[in-house]
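Reader: I have the model open and want to go through its charged contacts. Can you take me through them?

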Amino acid sequence: MVLIRRLLGLVVLITLLSVGIGAAQEGAGDQLTGVAAEQQANIAKLTSQVDRLDKDIDENIEDDARLVEIRLALEDIQSAVLKSGVAFRPTINDINTKLNALGPVPKEGQPPEPDDKATQRAALNAQKAQINHVIGQAEDLLVRVNGLVNKVSTARRDLFANTLMKRYQLRSAIGPDVGKAVEDQVTMLSRNVAAWFRFVVRFKLQAALAATFFASLVGGLSYFFGRRVIARLLHKDPEANPDYLHRLSAAFWSTLFPSLALGLFLGLTLGLYQSYNVLRGDISNYFISLLQTLFTSFFVNRLATSILSPDAPNWRLVRIEAGPARILIWLATVAALVVGLDRFTGIITESLGSPLSVTILKGLVAALLVGVLLLVFGSIRPFADKDGAPQPWPTWFRGTIYAIGAATILASLTGYISLAQFVSRQIVVTGAWIATAYIGLLASRAISDEGAFAHTTAGRWFRNSYNTEASKLDQLGVLTSVVINLLIVVVFLPVVLFQWGFQAGDIAVWMRRLGSGFQIGTFVFSPLAIITGLIIFGVGYFITRWFQSWIDDTVMARGRVDPGVRNSIRTVVGYAGMALAALVAISAAGLNLSNLALIAGGLSLGIGFGLQNVVSNFVSGLILLVERPFKVGDWVVAGDVSGTVRKISVRATEIETFQRQTVILPNSQLINNAVGNWTHRNRLGRIDVPVAVAYGADVEHVHAILLDLARNNPLVLKNPEPFVLFAGFADTSINFEIRVFLADISNGSVVQNELRFGLVKAFEQEGIELAHVPRPELAGKRQLPLGDPVDTMELPSDDMQSQAKGRKRKPDPS
């Protein structure tokens, strides 16, 4: 029995050991390594964050701002989970490559693969299984995060609907003790404010005075200097008769600029008070709400005054009478003040923990006041007929105002206080912002009209400073209109969304999604990135143009650099700047520059066929800009074309002939063919004037006359000195040739004319007869060795010689 027991114990021990060793081996085989272990730890960390956020959603289901923060955190976790999945791609690709290299697994009946190969295959499959397991965890976490995002959206939507549609029983909520409750809250508020004021006087008086002084100084200076800069836009001459564009601009700027100045003052005051610890927690909330009320009331007052202009009838955007205009301005201002005070008292009641009856009472009073003001607004008769009798608003507008006012009063009296407050706030605050934005949109539309931008201050400055053409000014007007529209959307849209209950986090989520874009195949399309790329390219374009102008007009002009060199440098700088701006913009737009190699490979085939001439001209243009065989302003002869070089670009060169015709020559022709340049190194050149006299003339005397004419011409150089060649004998004439050098070869035609007129006059005085040599190939004309190939001269006849004395002729333009 003892032996049997010992044997059984040994068997049990062996069994337990084998099980433990197998379990240990199995655990070792399942242990994650490398990137899988790293990403599993990351996913575990993200999972714990999701658990915490899930609890926060349930705890803050009534806090809209906190729900927005939770949603942003969930969006970040989504991005982190996706990055974890992307991190596996290189490892997965490497494993698949190795498995493909090992080949397929032998089928049943085939010889088994070698042990080392089978071991390697098993290790790769195990590693792949580990990665797939982690990817599955990431997918599960991503699904859970998406569900929580939807939960937050649903909770916020329900919270907004429940808040607006919550109904209070006015009789039970506002009881007989509400007066005592209001009195208690006022007493508590006064005590808190008095205690804070004593604290400031004792400990923070200097800081408070310094903060107020600096804020007032900055606000006053900004308003003063800003008003001087745009004084024309803010000044409204009652006697002037401005057009619609000027009225819109004046209304927009006279509303926006003073409001920005006040906002700068109030914001700087608040920031300084907070930095100096002048404000404590509850007082800080009161102060911020009070500043918002002041700003809103001022903004609405400025907007109504700018639109109605009671003291300047010609500047009104709405043609109403002066008396009703003043009443409407006061109604709008009072409505804004009521809405602002409602918000201000709401902050106070929330801070003091006021009874529900006080909160309902203040909301009821504010909603009723706004509703009554709307009814009064609709009953105003702002227009006048031909006889001066008051006329009401248009029927549709008056009916809309009455309906909104009555609905606000009805909603407040039936207990929907939150809904009435929301409607009142949107009518006043949102209406003011939308009206300002609409004025800006109308102004931008008016600026884009043909010829409108030229009459603006900016248009006149462009025309006077840069001599800008009317068509260019119209293009600038369209561009300005687009920029104004974009600014209005960027500035006013978030403000309006905030008034409708959206949070800054909502806009952050939208911008993040707009920036991340969406995927089409392997290309990720991101509108924000594309817009950023376009903006960068536009900035690069303007910087390049500015740098071109600066280096040309400032550096090279002062250095007296040759105009041709200036043109070459300016052109090269322009193309280099544009290429750099394009590359940076493409990278900012999210396009992978390495992918352009595929495009270049595809274009190479086209270059070999259809684009061959284009590339040839492009390369030839670069050679011309670098080697500079001719430059802008040179007089060149290219085949049948003779004229002055006006512009050298990378594709073609512009040559202006002496008939003022512009000829566009491809650069490859100028590189591959012979080109004559009369002014390559300098403008020094020689002209030849052939002269034929009849037989019987004294050749030495003719030689002396011709040499004297050449030496006495002021445009002929003394060194090299003029020379008269005895060219030879013809059948009916003795031929001479005047050869003179000029400092500027472009004066050749002028000198030729002066010499010919002079020799005709001198020969008449000396009795020397010019020979008449008819030549069939010229049909009575002689080809000149200088100037345009069609430049010819009629040979003088006897009648022409008799009329030459005292005759004035204009030189040929060259």
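Reader: How many salt bridges does the count come to?
Author: The count is 16 salt bridges, where a salt bridge is a side-chain nitrogen of Lys or Arg within 4 Å of a carboxyl oxygen of Asp or Glu. This is a predicted model, so local features need pLDDT of at least 70 and side-chain atom pairs pLDDT 80 or more, while totals for chains, interfaces and linings use all residues. Residues are numbered from 1 along each chain as its sequence is written, and side-chain values use heavy atoms, with hydrogens and water left out.

Reader: What does Asp51 form a salt bridge with?
Author: Its partner is Arg144, with the closest N and O atoms 2.6 Å apart. Asp51 sits in helix α2 (residues 34-59) and Arg144 in helix α5 (residues 115-164), 93 residues apart. Helices here are DSSP runs of H or I, at least four residues, numbered from the N terminus.

Reader: Is Asp51 buried or exposed?
Author: Neither: Asp51 is partly exposed at 32% relative accessibility, and Arg144 is partly exposed at 31%. Buried means under 20% relative accessible area, exposed over 50%, and partly exposed in between, with a 1.4 Å probe and protein chains only.

Reader: And which side chain meets Lys151?
Author: Asp54 does, in a salt bridge of 3.6 Å, N to O. That pair also links helix α2 to helix α5, 97 residues apart. Lys151 is partly exposed, at 32%.

Reader: Different spot. Where do Arg71 and Glu75 lie?
Author: Both are in helix α3 (residues 64-87), 4 residues apart, about one turn of the helix. They form a salt bridge at 4.0 Å, and both are buried.

Reader: Which residues do shared partners join into one network?
Author: Asp51, Asp54, Asp58, Arg144 and Lys151.

Definitions and conventions. Helix = DSSP H or I, 4+ residues; strand = E, 2+ residues; numbered from the N terminus.
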